[in-house]
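Trainee: Please take one part of this model and go through it closely, then place it in its surroundings. Give the cut-off behind each term as you use it.

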Amino acid sequence: MASRFFEGAAHAAAYAKFRPQPPTSLGDQIMGFLKEKYEGPVMAAADVGCGSGQSTQILAPHFASVTGLDISEAQTSEAIKLNSRANVFFKTSGAEKLPFPDNSLQLITAGQACHWFDLPQFYKEADRVLVPGGVLALYGYMFPYAVHENLTEKLFEIIDHMYKSELNGYVHQGSKEVYLEQYGGEKYKLIYDEQLEVRSIRRIQVVTGEMAVKVSMLLIVKKSSSYLTQNLQG
């Protein structure tokens with residue numbers, strides 16, 4: 001069953017202002033996976049659970065058309081306000097019934113979102129709309145690592161303790177699955193469990209005010225009935 005959070009106007013505005021932009025290198029890496037198996041024209045992609053659209057924008061240089069989808073109309077409204085690309089579009093839609101014809105997309109992504117989906121139904125829809133050899137790429141932030149002069153390790157210990165101990169009873173299960181379990185649960189392997197491959201990419205760094213935060217990411221790519229995992233050590 002899908003979980004629905006982050007839909008209100010105030011939350012959407014906060015997403016638009018503070019949500020980090022995925023690195024362009026992530027989009028390049030996803031395209032690398034796609035080109036390994038798919039040799040046809042790269043025309044259309046969808047970013048599911050797009051929020052205010054930051055994750056959608058990294059696909060724009062690679063496709064003729066990119067559509068960001070989110071269950072929240074407030075989120076897609078923010079995404080439309082921020083959008084300046086002629087080939088990027090946004091629609092209000094859930095992940096379990098994608099508004100695309102069969103075999104119409106070369107790529108589907110979900111950034112920091114798939115842990116809220118009804119995954120079996122989403123996988124069925126992804127298989128329906130992807131062309132043969134198309135790619136489903138799921139990724140999310142791993143636990144943040146604050147960088148601040150000589151306090152880096154101490155800050156991490158404080159954040160780690162707060163999240164795992166003090167806030168344990170208040171953290172949604174979906175958040176635990178990405179931050180703590182790194183999408184390692186069996187439900188993330190459903191119908192794509194024939195092959196597991198681990199590759200690495202550097203860590204990204206996000207600067208917020210006076211503090212830099214290093215954010216690792218986990219990327220799961222599913223294609224041609226194979227399952228790949230990528231840990232971005234960035």
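Mentor: I will start with the aromatic rings and then move to the core, the strands, the helices and two loop residues.

The model is predicted, so local features need pLDDT of at least 70 and side-chain atom pairs count only at pLDDT 80 or more, while totals for chains, interfaces and linings use all residues. Residues are numbered from 1 along each chain as its sequence is written, and side-chain values use heavy atoms, with hydrogens and water left out.

A search of the whole structure gives two aromatic pairs. Rings of Phe, Tyr and Trp (its six-membered ring) pair if their centres lie within 6.5 Å; planes under 30 degrees apart are called stacked, over 60 edge-to-face, and the rest tilted. Phe 117 and Phe 122 have ring centres 4.9 Å apart and planes at 65 degrees, so this pair is edge-to-face. Phe 122 also pairs with Tyr 123, at 6.2 Å centre to centre and 40 degrees between the planes, which is a tilted arrangement. Phe 117, Phe 122 and Tyr 123 thus make up one aromatic cluster. Phe 117 and Phe 122 are both buried, and Tyr 123 is buried as well; buried means under 20% relative accessible area, exposed over 50%, and partly exposed in between (1.4 Å probe, protein chains only).

Phe 117 and Phe 122 also belong to the largest nonpolar core. Such a core is a set of buried Ala, Val, Leu, Ile, Met, Phe, Trp, Tyr and Cys residues joined through side-chain atoms within 4.5 Å. This one has 24 residues, and those with the most contacts inside it are Val 48, Leu 105, Ile 108, Cys 114, Phe 117, Phe 122 and Leu 136. At least two core residues come from each of β1, β4, α5 (119-129) and β5 (130-147), and α5 gives the most, with five. Helices (H or I, at least four residues) and strands (E, at least two) are DSSP runs, numbered from the N terminus. Leaving aside residues up to four places away in sequence, Cys 114 touches Leu 119, Leu 138, Tyr 183 and Tyr 188, where contact means heavy atoms within 4.5 Å. A second, separate core holds 20 residues, including Leu 26, Ala 45, Ile 58 and Tyr 139.

Strand β4 (residues 105-111) is mostly covered, with seven of its seven residues buried. Strand β1 (residues 44-48) pairs with β4 in the parallel sense over three bridges; two strands pair if DSSP finds at least two bridges between them. The partner of Ala 46 in β4 is Ile 108.

Leu 26, seen above in the second core, is one of the buried residues of helix α2 (residues 24-37), along with Gly 27, Ile 30, Met 31, Phe 33 and Leu 34. These fall within an arc of 155 degrees seen down the axis, so they line one face of α2; the arc is that of the directions from the helix axis to the C-beta atoms. Thr 24 and Lys 35 are exposed on the other side of α2.

In helix α4 (residues 73-82) the buried residues are Gln 75, Thr 76, Glu 78 and Ala 79. Their arc around the axis is only 155 degrees, which puts them on the same side of α4, and they pack against α1 (9-18), β2 (65-70) and β3 (88-92). Glu 73 and Lys 81 are exposed on the other side. Ser 72 caps the N-terminal end of α4, with a side-chain oxygen 3.3 Å from the backbone nitrogen of Ala 74.

The backbone nitrogen of Ser 72 is in turn reached by the side chain of Asp 70 at 2.9 Å. A polar contact here is a pair of N or O atoms within 3.5 Å; within protein, one must be able to donate a hydrogen and the other to accept it, and residues adjacent in sequence count only if both atoms are side-chain atoms. Asp 70 is in strand β2 and, at 10% relative accessibility, counts as buried.

Two residues other than glycine have a positive phi: Asn 103, at about 50 degrees, and Gln 112, near 55 degrees. Asn 103 sits in the loop between β3 and β4 and is partly exposed at 47%. Gln 112 lies in the loop between β4 and α5 and is buried, at 11%.
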